[in-house]
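The exercises below concern how the parts of one chain meet and what its cysteines do. Work through each task with the structure open, then read the solution.

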Amino acid sequence: MTAPGENLKVNGERLWDSLMQMAQIGPGIAGGNNRQTLTDADAEGRALFRRWCEEAGCTLGVDEMGTMFAMRPGEDPDALPVYVGSHLDTQPTGGKYDGVLGVLGGLEIIRTLNDLGIRTKHPIVVTNWTNEEGTRFAPAMLASGVFAGVLEQDWAYDRRDAKGLRFGDELDRIGWKGDEPVGARRMHAFFELHIEQGPILEAEGKEIGVVTHGQGLRWIECTVTGKGQHTGSTPMYLRRNAGRGMARVIELVHEIAIARQPNAVGAVGHIDVYPNSRNIIPEKVVFTVDFRSHILDTLEGMVAEFLARAPGVCADIGVKFSSELVGFFDPPAFDPVLVGRVRDAAERLGYSHMDIVSGAGHDACWINRVAPTAMVMCPCVDGLSHNEAEEISPEWATAGANVLFHAVVETAGIVG
C-alpha cells in the first residue's frame with residue numbers, strides 16, 4: 001500500500017470542536033462526563049454521532065448489541081472494509097476524551113478524505129462499540145466481546161446494573177437495538193486511537209504511543225461474609241467483621257502484584273458494603289479485584305496465588321470468602337504490519353514516539369482475535385483518566401488523529 005504524503009493532515013480544529021460538542025451531552029458535575037452506556041445521555045450522544053456520520057455521506061448499520069458502524073464506500077466492491085473506532089460511553093465520573101477521541105478521530109478521517117476528494121480502495125467504517133466501560137453492566141468491552149465470539153449474546157443481554165435493570169431491556173428502551181447479527185461483519189483491519197490513560201508518554205515527552213501489546217486482565221468478584229452486629233455493644237474478640245476481611249484481601253492483592261514488578265498491577269476498585277450503616281459491623285462486602293499484566297504467565301500466576309491464599313486470610317479472622325471470575329481477556333499482541341504502519345506514520349509526520357504497552361483494556365483487545373488490529377495513543381495530563389479532570393491538549397489530539405489518518409488510509413489504499 002502507498003502511504004499518504006506527509007502534507008495530508010486532518011482538520012484539528014474541527015476534531016476539537018466535535019469533542020467539545022459531544023462533551024455537552026451527559027455532563028458531569030466537575031467538568032467531565034457522565035454518559036453511561038444505555039442511558040438517555042448515551043442515546044443522545046449516539047444520535048449526534050449518527051447525524052454527523054450522515055452529513056459526511058456515510059451509511060449507518062447497527063447490530064443487535066447496539067454497536068454503530070458508519071461506512072464510507074470504497075472503490076472496490078469486493079474489498080473488505082478497514083474499521084476504525086472506539087466508544088462513546090463514559091464512566092459515571094468520566095472525562096471528555098476516553099473513547100470519544102477514537103470515535104471522533106475516525107469520523108475526522110472521513111471528513112478529511114471528503115474535503116480532499118480522496119477515494120480509497122477499501123471502504124472505511126467508523127465504529128462506536130457499545131458498553132466498553134463496563135461500569136454499569138459488567139464486564140467491560142461487552143459488545144466487542146460478543147462480536148469476537150468470546151461472550152454469548154444472550155448472556156450479555158442478561159447482564160444487570162446496580163438497580164437490577166437488564167442490558168437487553170435497556171438497549172430496547174433507548175431505541176438502539178439494531179437488526180444486524182453481531183459478528184457478521186468481516187474486517188480487513190481495525191485501528192483504535194485512544195488516550196494513554198497513564199503517565200508514560202507525558203513523562204517521556206512523546207507525542208505518540210505505538211501500541212505493541214495490550215495487558216490481559218482478570219476481574220474477580222469477591223464476597224466476604226461475616227456477621228452484622230452493633231458496633232458499640234459487640235466485644236472486639238467476638239466480632240466477625242467482613243470489612244476487616246476485605247481489608248486483609250486488599251493488602252494481599254497489593255502484595256501479590258508488588259512481588260511481580262514491573263510487569264503486573266492489581267487493585268480493588270468497586271466495593272459494596274452491607275448493610276452500609278455507621279453503627280453496624282459489616283456483615284457482607286462484595287468487591288472486585290482487578291489483576292493485569294501483558295505477560296500471560298504472570299497474570300495467571302497472580303490469580304492462582306490469590307485464589308489459593310484469600311480464603312485463608314479471611315478464615316483466620318472468622319469470616320468466609322468466595323469468588324467468581326466476572327471479566328477476563330488474555331494479553332493481545334497487535335498485528336506487526338499494522339503496528340509498523342502506525343510507527344512509520346509517526347516518523348513520517350515528525351512526531352516524537354515510542355513503543356508502549358496499553359495498561360487498560362480496549363475494544364481492540366477483543367477485535368484482535370478476529371482481525372489484524374493496531375492502536376495509536378496520545379498522552380493525557382498526569383496520566384489521569386476515568387476522572388472528570390481528565391485532560392489532553394488540542395495538539396495531542398491532532399497528532400494522534402494524524403497518525404491514525406495515515407495508518408488507516410495507507411491500509412485502505414488511495415485510488416488515483
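**Exercise 1.** State how far apart the C-alpha centres of domain 1 and domain 2 lie, and which residues make up each domain.

Solution. The C-alpha centres of the two domains are 33 Å apart. This is a predicted model. The domain assignment gives domain 1 as 12-214 + 331-415 and domain 2 as 216-329.

**Exercise 2.** Describe the contact between domain 1 and domain 2: how many residues take part, and how much area is buried?

Solution. Start with the residues: 14 from domain 1 and 12 from domain 2 are in contact. Next take the area. Between domain 1 and domain 2 about 970 Å² is buried, and carbon and sulfur atoms give 76% of this. Then look at the domain 1 side, where Pro139, Pro331 and Trp366 supply 43% of the area buried against domain 2, more than any other three residues.

**Exercise 3.** Count the salt bridges and the residue pairs in polar contact between the domains, then sort the domain 1 side by residue type.

Solution. The salt bridge count between domain 1 and domain 2 is zero. The count of residue pairs in polar contact, with both residues at pLDDT 80 or more, is also zero. On the side of domain 1 that touches domain 2, 10 residues are nonpolar, three are polar and one is charged.

**Exercise 4.** How many disulfides does the whole structure hold, and why is cysteine 314 not bonded to cysteine 222?

Solution. A search of the whole structure finds zero disulfides. For cysteine 314, the closest cysteine sulfur belongs to cysteine 222 and is 8.5 Å away. The cut-off for a disulfide is 2.5 Å between sulfur atoms, so this distance is too far for a bond. Cysteine 365 is likewise in no disulfide, and its nearest cysteine sulfur, in cysteine 380, is 16 Å away.

**Exercise 5.** Decide whether cysteine 314 is buried or exposed, and do the same for cysteine 365.

Solution. Buried means under 20% relative accessible area. Cysteine 314 has 0%, so cysteine 314 is buried. Cysteine 365 has 3%, so cysteine 365 is buried.

Key: Residues are numbered from 1 along each chain as its sequence is written. This is a predicted model: local features need pLDDT of at least 70, side-chain atom pairs count only at pLDDT 80 or more; totals for chains, interfaces and linings use all residues. Side-chain values use heavy atoms; hydrogens and water are left out. Domain bounds come from an automatic or database domain assignment. Contact means heavy atoms within 4.5 Å. Buried area is the accessible area (1.4 Å probe) that two parts lose on being put together, summed over both. A salt bridge is a side-chain nitrogen of Lys or Arg within 4 Å of a carboxyl oxygen of Asp or Glu. A polar contact is a pair of N or O atoms within 3.5 Å; within protein, one must be able to donate a hydrogen and the other to accept it, and residues adjacent in sequence count only if both atoms are side-chain atoms. Ala, Val, Leu, Ile, Met, Phe, Trp, Tyr, Cys and Pro count as nonpolar, Asp, Glu, Lys and Arg as charged, and the others, Gly among them, as polar. Buried means under 20% relative accessible area, exposed over 50%, partly exposed in between (1.4 Å probe, protein chains only).
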